[in-house]
Amino acid sequence: MSFPIAWLDLREPADHAARHSGLRGAAAALVGAGGLVVDLGCGTGSTVRALQPHLARSVRWRLVDHDAAVLREAGRRTGAETVLCELAREDPPIEGAALVTASALLDLVSEAWVERLADALKARRCPFYAALSYDGCLSFDPAHPGDPAMTAALNAHQRTDKEFGPALGPDGAEVLAAALRARGFEVRVEASPWRLGPGDAELVAALLPGIAAVAAGWDGLARSEVEDWLAFRQGRAADGQCLVGHVDLLATL
Ligand SMILES: C[S@@+](CC[C@H](N)C(=O)[O-])C[C@H]1O[C@@H](n2cnc3c(N)ncnc32)[C@H](O)[C@@H]1O
């Protein structure tokens with residue numbers, strides 16, 4: 001699955017504000033001078049911009065994605081090594097890593113993929129830091145009677161195949177945490193929600209049509225219900241509040 005650069009740019013400030021600062025600091029502390037960090041599903045390099053200020057300047061990055069245009073942009077913005085890789089089919093290129101990272105990726109992947117990643121991390125005794133995995137919680141203020149059904153539709157869509165097999169969606173971080181704990185890792189999971197308010201109106205307005213589009217194709221909802229909900233939500237994008245639940249995970253051996 002690919003994501004437009006404009007969307008990745010729009011969400012980056014909210015992502016950076018939402019990251020759990022304690023886990024971000026603990027992840028950064030695992031990488032010594034000259035160490036290599038491998039970021040899976042790197043997009044345009046948001047994780048580099050979030051983590052590099054907390055790392056030694058000599059730390060090296062290997063950025064991995066299957067979208068050539070996005071990866072080219074990541075290389076241009078960060079100057080890091082880039083690796084074009086279809087993670088759904090190829091082994092993640094994590095050899096030599098002091099830390100493997102990902103952000104906004106775990107909700108796309110399948111249980112089988114998580115098990116393979118956990119095996120690869122264990123074999124290399126490599127720590128893993130995954131930020132901003134959607135956890136299934138979506139809430140708005142003011143509320144609308146259609147909110148629970150729209151959230152249910154979004155979460156059902158989250159579990160559809162995104163090229164890795166049936167997606168874990170909101171369970172991604174939890175399933176990976178269990179897989180890593182079973183292999184002896186110590187795993188910390190912390191909340192990192194987007195708390196969006198009037199200053200985030202552009203991001204909220206961009207989020208809403210995507211939710212409405214998946215809900216419109218969902219059996220439980222009539223088109224008119226979705227349209228009413230979208231009109232109400234767009235009308236409140238500039239003065240309402242929206243919480244999108246995420247979690248950050250740090251696993252060490
Ligand atoms: C939601 S975006 C997050 C990007 C970036 N980590 C960030 O936080 O801005 C998910 C990223 O995973 C990449 N991706 C999705 N499926 C992939 C796959 N099968 N193989 C490699 N990369 C993939 C997408 O191209 C995209 O850049």
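**Ligand contacts and backbone features**

Me: How far is a nitrogen atom of the ligand from a polar backbone atom of Leu87?
Reply: Happy to start there, with a reminder that this is a predicted model, in which local features need pLDDT of at least 70, side-chain atom pairs count only at pLDDT 80 or more, and totals for chains, interfaces and linings use all residues. Residues are numbered from 1 along each chain as its sequence is written, and side-chain values use heavy atoms, leaving out hydrogens and water. For Leu87, a polar contact (a pair of N or O atoms within 3.5 Å) joins its backbone to a ligand nitrogen at 3.0 Å.

Me: How much of the ligand's accessible area does the protein cover?
Reply: On its own, the ligand has 590 Å² of accessible area, by the Shrake-Rupley method with a 1.4 Å probe. The share covered by the protein is 99%.

Me: Which residue has a polar backbone atom 2.8 Å from a ligand nitrogen?
Reply: A backbone N or O atom of His66 is 3.3 Å from a nitrogen of the ligand. At 2.8 Å, the partner is Gly41.

Me: How many residues surround the ligand?
Reply: A residue counts if one of its heavy atoms lies within 4 Å. Gly41, Asp65, Glu86, Leu87 and Ser103 are the closest. The shell's full count is 20.

Me: Which residue is joined to Asp141 by a cis peptide bond?
Reply: Most peptide bonds are trans. Here omega is about 5°, and the partner is in the loop between β5 (128-141) and α6 (147-158). That partner is Pro142.

Me: What is the phi of Leu132?
Reply: Leu132 belongs to strand β5, strands being DSSP runs (E, at least two residues) and helices H or I runs of at least four, numbered from the N terminus. Its phi is positive although Leu132 is not a glycine, at about 65°.

Me: What span does the C-alpha trace have along its principal axes?
Reply: The protein holds 9 helices and 8 strands. Its trace spans about 55 × 35 × 35 Å.

Note on methods. Polar contact = N/O pair within 3.5 Å; in protein donor to acceptor, adjacent residues only side chain to side chain.
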